[in-house]
Amino acid sequence: MSDKILINCSHTDGYPSNQIDAIPEQAVESFAGVGYPHAGGFIGEGSVVLDVGSGSGTDSLIASGVAGATGKVYGLDMTHAMLDKLAANVERMGASNVEPVEGNAEEIPLPDASIDVVTSNGVLNLVPDKPRAFAEIFRVLKPGGRVQLADIVIDSPISDESRNNPDLWAECVVGASLEDSYIRLFEGAGFSDIGVLRRFDYFSGSSSENTRKVAQGFGAHTVELTMCKEG
Ligand SMILES: C[S@@+](CC[C@H](N)C(=O)[O-])C[C@H]1O[C@@H](n2cnc3c(N)ncnc32)[C@H](O)[C@@H]1O
């Protein structure tokens, strides 16, 4: 991986300090999200939550505190290293309502209609088969269930040449979809009430000039979205 194009711009801007202070610093150190999905505000006491691509667990642990003892949080990730970090952070926090789950967003190992709220941060742009992943999210949600997510989308299409450039895979840009198509894919999966809470230039904080340039060239930005599965 070229050192020119490391992203290094993940930060917890947008997160209230009380939420960050309440979780282990080891979770925050490995945070790799791109926005603040909890702006959706859908998680409440007793919610059953699925964090798709939980990583080291910042959002799962925040959800754990809100959902409380009567709630449940599944932290889904396909990477063992991340699941190990999540499990360690769950233990540090004593968050007994969080269950790390190994699996792929394209084939979520949870039953139909079992989840109240799906949250996800900086993950779905990385998933090759987005229609399949979005259909899976729809499947596991209960009728009336909701999605809150932050992700990277782009404004200009990426050429095949750029898509095949392994260096550019290190950016959160190459797997990203045009914002419009991304939203249409969620509509195609059956979601309604799709709303954009916020867009911002996530990459402007990168220490790499090349990353900033590449991201700007494609109009790459964070979008925070909410939507629901009609009940
Ligand atoms: C950019 S990190 C974001 C992690 C976390 N959401 C956070 O905010 O810190 C992306 C995470 O998604 C996971 N991931 C990527 N593709 C996935 C997939 N298809 N299914 C499940 N997890 C996936 C990676 O292992 C990684 O932990």
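These are my notebook entries on a predicted model of one chain with a ligand.

**Entry 1: the whole chain**

I began with the secondary structure. The chain comes to 8 helices and 7 strands. I then looked up the radius of gyration, which is 17 Å, close to the 17 Å that the globule rule gives for 231 residues, so the chain is as compact as a globular protein of that length. I also took the spans of the C-alpha trace along its principal axes. They are about 50 × 40 × 30 Å.

How much of the chain is buried? I found that buried residues make up 45% of the 231 residues. Next I turned to contacts with a separation of 6 or more. Residues 24 or more positions apart account for 76% of them.

**Entry 2: around the ligand**

Which residues come nearest to the ligand? Of the 22 residues around it, I noted Gly33, Gly53, Gly55, Thr79 and Ala105 as the nearest. I sorted the shell by residue kind. It divides into 9 nonpolar, 10 polar and 3 charged residues. I also checked which elements take part. Helix α3 (58-67) and strand β2 (72-77) each supply at least two residues of the shell.

**Entry 3: helix α4**

I followed helix α4 next, at residues 80-93. Its 14 residues reach 20 Å from the first C-alpha to the last, close to the 20 Å expected at 1.5 Å a residue.

Which residues of α4 are buried? I listed Met82, Leu83, Lys85, Leu86, Asn89 and Val90. Seen down the axis of α4, these buried residues fall within an arc of 160°, so they line one face of the helix. I kept the general rule beside this: an α-helix has 3.6 residues a turn, so residues three or four places apart point the same way.

On the other side of α4, I found His80, Ala81 and Glu91 exposed. I then asked what covers the buried residues of α4. The cover includes α2 (25-29), α3, β2 and β3 (98-102). Two of these names were already in my notes, since α3 and β2 also supply residues to the ligand shell. Just after α4 comes Gly94, with a positive phi of about 65°.

**Entry 4: helix α5**

Helix α5 covers residues 130-140. I wrote down its buried residues: Lys130, Ala133, Phe134, Glu136, Ile137 and Val140. Down the axis of α5 they fall within an arc of 155°, so they too line one face of their helix. What covers them? I found that the cover includes β1 (48-52), β4, β5 and α7 (179-188).

**Entry 5: helix α8 and Ser156**

In helix α8, residues 209-218, I found Thr211, Val214, Ala215 and Phe218 buried. Their arc down the axis of α8 is 95°, so they line one face of the helix. Glu209 and Lys213 are exposed on the other side. Just after α8, Gly219 takes a positive phi of about 60°.

I looked at Val214 more closely. Why does Val214 count as buried? It has 24 C-beta neighbours inside 10 Å, and 20 or more is the cut-off for a buried residue. I also took one distance from Val214. Its C-alpha and that of Phe203, 11 residues apart along the chain, are separated by 9.3 Å.

Then I moved to Ser156, which lies in the loop between β5 (141-153) and α6 (160-163). Ser156 counts as exposed, with 10 C-beta neighbours inside 10 Å. Which residues does Ser156 contact, leaving aside its neighbours within four places in sequence? I found Phe218 and Gly219. For a longer look along the chain, I took Ser47, 109 residues from Ser156. Their C-alpha atoms are separated by 37 Å.

**Entry 6: positive phi outside glycine**

Most residues other than glycine have a negative phi. I therefore looked up residues with a positive phi that are not glycine, and noted Ala113 with a value near 50°. Ala113 sits in the loop between β3 and β4 (115-121). Is it buried or partly exposed? Ala113 is partly exposed, with 13 other C-beta atoms within 10 Å.

Asp193 has a positive phi of about 55° and is not a glycine. I placed Asp193 in strand β6, residues 192-200. With 11 C-beta neighbours inside 10 Å, Asp193 counts as exposed.

Conventions. Residues numbered from 1 in each chain as written. Predicted model: local features only at pLDDT ≥ 70, side-chain atom pairs only at ≥ 80, totals over all residues. Near = placed C-beta within 6 Å. Helix = DSSP H or I, 4+ residues; strand = E, 2+ residues; numbered from the N terminus. Nonpolar A, V, L, I, M, F, W, Y, C, P; charged D, E, K, R; others polar. Expected span 1.5 Å × (residues − 1). Buried ≥ 20, exposed ≤ 12 C-beta atoms within 10 Å, placed from the backbone. Arc of directions from axis to C-beta. Contact = placed C-beta atoms within 7 Å. Rg over C-alpha atoms; globule rule 2.2 N^0.38 Å.
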